[in-house]
Each structure stands twice: as structure tokens, then as C-alpha cells.
Amino acid sequence: MISITKFLLGTSNFGDTLRYKKGAKNTVHGTSDGYGPVVAWNMTRTCNLKCRHCYMNSENKQYEGELTHQEALKFIDDLCAFKVPVLLFSGGEPLIREDFFHLAEHAAKHNIRPTVSTNGTLITRKVAQKLKEIGVGYVGISLDGLREANDKFRGKEGAFDAALQGIENCVAVGQRVGLRFTINKHNYNDLDQIFDLIEEHNINRVCFYHLVYSGRGSEMIKEDISHEESRKAMDTIMERTMDFHRRGLEKEILTVDNHADSIYLYMKLKEIDPKRAEEVYELMQINGGNRSGIAFANVDSLGNVHPDQFTQNHTFGNVKETPFSEIWTNMSHPILAGLKNRKPLLKGRCSKCSWLHVCNGNFRARAEAVTGDFWESDPACYLSDSEIGL
């Protein structure tokens, strides 16, 4: 994640303490020395929607082999001992799982910050209140456009209104909540209206995701936006972030899954605010770019461990058989070991890029989806050859 607000305004939020902590760049097994990674756990594959870009290929049915309640408790206890700072409960739809609240509360009581990635359609006022009471630090609710575009994308009429009601229920009880928005050619022109929406509904956070070609999303390569549109999207995001600031509206704005964003923002700042650009460059160096396999991990509903939720075709072990902490620190798997020191393995534009030290090769799942080679260049990098020093 790239904090646009921190880069532009110097503000600080919880996630920034993990992303921009000095010395973290040199850590190979977690967010910083002595800590494990942020873990995204697909606690169930079952979902009440059928989104076109779902990396889990989820449907509204039961799946066999998911972690039992006792296996899940043991898994969380190991994360606690490994000092994992954040556990992201995801799906499918995590709120469908009957023991969700008990497991999230168990994490909170063991000094792991529970966060939730949800489609929001099941968040009643009562559910929102319970999320707050058990200590959920943040709820991310996915909307992928305005009403018509979102419902088409999500495969269910009424999904937009239900998700928006879920957001309003969280806001009403004081539960920290934000939007998750995956940019693609069908909703690219909705960006300004999404900013209007978060202002109108008093939403204090929004994450703009770049499309990753994985799961059902692998069929959407042709539906991704162009490089020029990616640049224009960043222009809009930066302009609206500054507009909120000028009007005294405190919002946390982030982009996700494309580290070209930080470099593009830095180059823009060099033109208008060189002093701020220097501070941003220091933050970029501290962060070090993509850290899948290092500071971020994924565990799927069956207990398989992956570098991130979009790279589930590479598995390093299973938490039913081996503790996560042991799997994550075992360097015998060539992909996991490679991710922890990937620069010598990268190919193409990435290998020659002058920004490699602050990008770290961007997103491997997209490179593999398009080229078949895990270490090739990320095709979603929208920086020109001259901009990267070729």
C-alpha cells in the first residue's frame, strides 16, 4: 500500500507505522525486526456474491477442507507468538463464517490487530456494533463503481445499496471503515464520483487497487486501464486528496498493488514542492517497494501459505501440518527465498530500472500472468523508458 496522504501531506495513520518504519526494508521475514508479516487470511471461500475479478473464484456454496475452529485458534496463537501485527480476515465473505466474531476477538485479545475485508452486504447496525466491541481495527468494504457498474461487477442487483448501508452502519457506531475500489476500464471514469461519495457519507478512508490478473481476474487483462489512464487516475487521486486537505476534510487515501504510483507522485512533487519531494523519497527508500513474501503473507481457506492473496498458485506449506512461523522462515522454497532477495532474479525492464530500490519489482503475479515467467517485468508499470533510466 502507498499512503497518498502521507506522501502529500505528511500525515500519519496506523498502517504508516508498519510501512515506513526505519530499518524495515532490510527485514526478510516481517514488517520489521522482531515482527512477523501482515497476514491476509481467506477464512472461507464461500461468498454471497460472484464478483468478476475474484481471485478466489468464490461462489455461494460450501467448500470442503477449510480450517476448523480449533485449527484456526491454533493458527492465530502461532501468529501471536510470531508477533504478527495485523491479521486481515478475508474471504470469500468472512462474515458468512459462523465463528468469525470469536476468532477475530481471539486475535484482538492476543495483541494482533484484526481487520476485515468484506463486501459489506451483511453488515447490519448490530453487526457493526459487534465489530467495534470486539476490537476490529478497520473494516474495508469493496465497491467497484457506482450503482449500475458495481452491481454488474459484483454479479448481484442491489449489492451497491447493501454495501453502502453497511458502510453507513459502521459510521453510525464509530467503527473505522473505508472503501476498497479496484480500478478497471468499466469504472475508471467514476473516480471523481467515488471521492464525492466518501465525502457525502463521511467515510474516512479509501484504497484504490490496481487490477491484478488472478483467479477470475485473470480473465480481465483486456479490461485493465491503459498506462496513460493509470497516470490520469493518479492525477485525479492526488488532486482530490489535496482538495480534501484544503477544505479541512481528514481522509486517508491509499493506492495498492502498483509501486509505480509512488515514483509518479515523487516526480510530480519534484516539480511543485522539491522539499516535500525529498521527504517522500526518504519514505520510499524506507519502505522499499513491494514486500510480498516478506512483510505480507496470505493463508487461504485450506491453510495453504502464499506470498500474497493474488499468488495462490505458489504454495510454501500448510498451517494444518506446520506452524505458519516455520513455513515463513524456511528458505528452501525457491519462490519464497527469491522474493526475500528478488533483485538479482528480475528480468526485462524491472532488472534495469533506476527505481528498483524503491519499487522492488512491483507485482510478480501480473508478470507471471502475462509472460508465464514469475521474474519478468510487471506489465502494469506505466512509467516510460526514459523515466526509469533506460
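In these legends, contact means heavy atoms within 4.5 Å. The views come from a predicted model.

**View 1. Arg276 and the residues around it.** Welcome to the first close-up, which follows Arg276 in helix α11 (residues 274-287). Setting aside residues up to four places away in sequence, Arg276 touches Lys6, Phe7, Leu8, Leu9, Gly10, Leu269 and Leu283. One polar partner is worth finding on screen: the backbone oxygen of Phe7, which the side chain of Arg276 reaches at 2.7 Å. Is Arg276 buried or exposed? Arg276 counts as buried because its relative accessibility is 14%, and buried means under 20%.

**View 2. The largest pocket, with Arg276 in its lining.** Here we stay with Arg276 and look at the open space that it helps to line. The largest pocket holds about 220 Å³ of space. Its lining is made up of Leu8, Asp235, Met238, Glu239, Met242, Lys268, Leu269, Glu271, Ile272, Asp273 and Arg276. Helices α9 (227-246) and α10 (260-272) each contribute at least two of these residues. By character, the lining has six charged residues, five nonpolar ones and no polar ones.

**View 3. The largest cavity and the strands that line it.** Rolling a probe the size of a water molecule over the atoms shows where empty space is left. In this structure there are five cavities of 30 Å³ or more, and the largest cavity contains about 800 Å³ of space. Of the 37 residues lining the largest cavity, Met1, Arg19, Val38, Val256 and Phe296 lie nearest its centre. Two or more lining residues come from each of α2 (16-19), β3 (86-90), β4 (113-118), β5 (138-142), β7 (205-210) and β8 (252-256). Strand β4 gives the largest share, with four residues. The lining combines 15 nonpolar, 13 polar and nine charged residues.

**View 4. Phe208 in the largest nonpolar core.** This core has 96 residues, and Trp41, Phe75, Phe208 and Phe324 are the ones that touch the most other members. Helix α10 gives the most to this core, with seven residues. If you centre on Phe208 and ignore its neighbours within four places in sequence, you will find contacts with Phe181, Ile183, Leu191, Ile194, Phe195, Ile237, Ile253, Leu254, Thr255 and Val256.

**View 5. His110, just ahead of strand β4.** His110 sits in the loop between α4 (100-109) and β4. A polar atom of the His110 side chain lies 2.8 Å from the backbone oxygen of His106. Beyond residues up to four places away in sequence, His110 touches Asp77 and Cys80. His110 and Asp77 are 33 residues apart along the chain, yet their C-alpha atoms are separated by 7.6 Å. With a relative accessibility of 27%, His110 counts as partly exposed.

**View 6. Three spots with unusual backbone geometry.** Most residues other than glycine have a negative phi, and most peptide bonds are trans. Where does a cis peptide bond occur? Look between Gly91 and Gly92, where omega is about 10°; Gly92 belongs to the loop between β3 and α4. Asn202, in the loop between α8 (191-200) and β7, has a positive phi of about 55°. Asn360, in the loop between α15 (356-359) and α16 (364-371), also has a positive phi, near 65°. Asn202 is exposed at 51% relative accessibility, whereas Asn360 is buried at 6%.

Notes:
Residues numbered from 1 in each chain as written. Predicted model: local features only at pLDDT ≥ 70, side-chain atom pairs only at ≥ 80, totals over all residues. Heavy atoms only, no water. 1 Å grid on protein atoms, 1.4 Å probe; cavity = no way out; pocket = protein on both sides within 12 Å on 5 of 7 lines; lining within 4 Å. Points joined across faces, edges and corners; volume = space filled by probe spheres on them. Nonpolar A, V, L, I, M, F, W, Y, C, P; charged D, E, K, R; others polar. Buried < 20%, exposed > 50% of the residue type's maximum accessible area, 1.4 Å probe, protein only. Polar contact = N/O pair within 3.5 Å; in protein donor to acceptor, adjacent residues only side chain to side chain. Core = buried A, V, L, I, M, F, W, Y, C linked by side-chain atoms within 4.5 Å.
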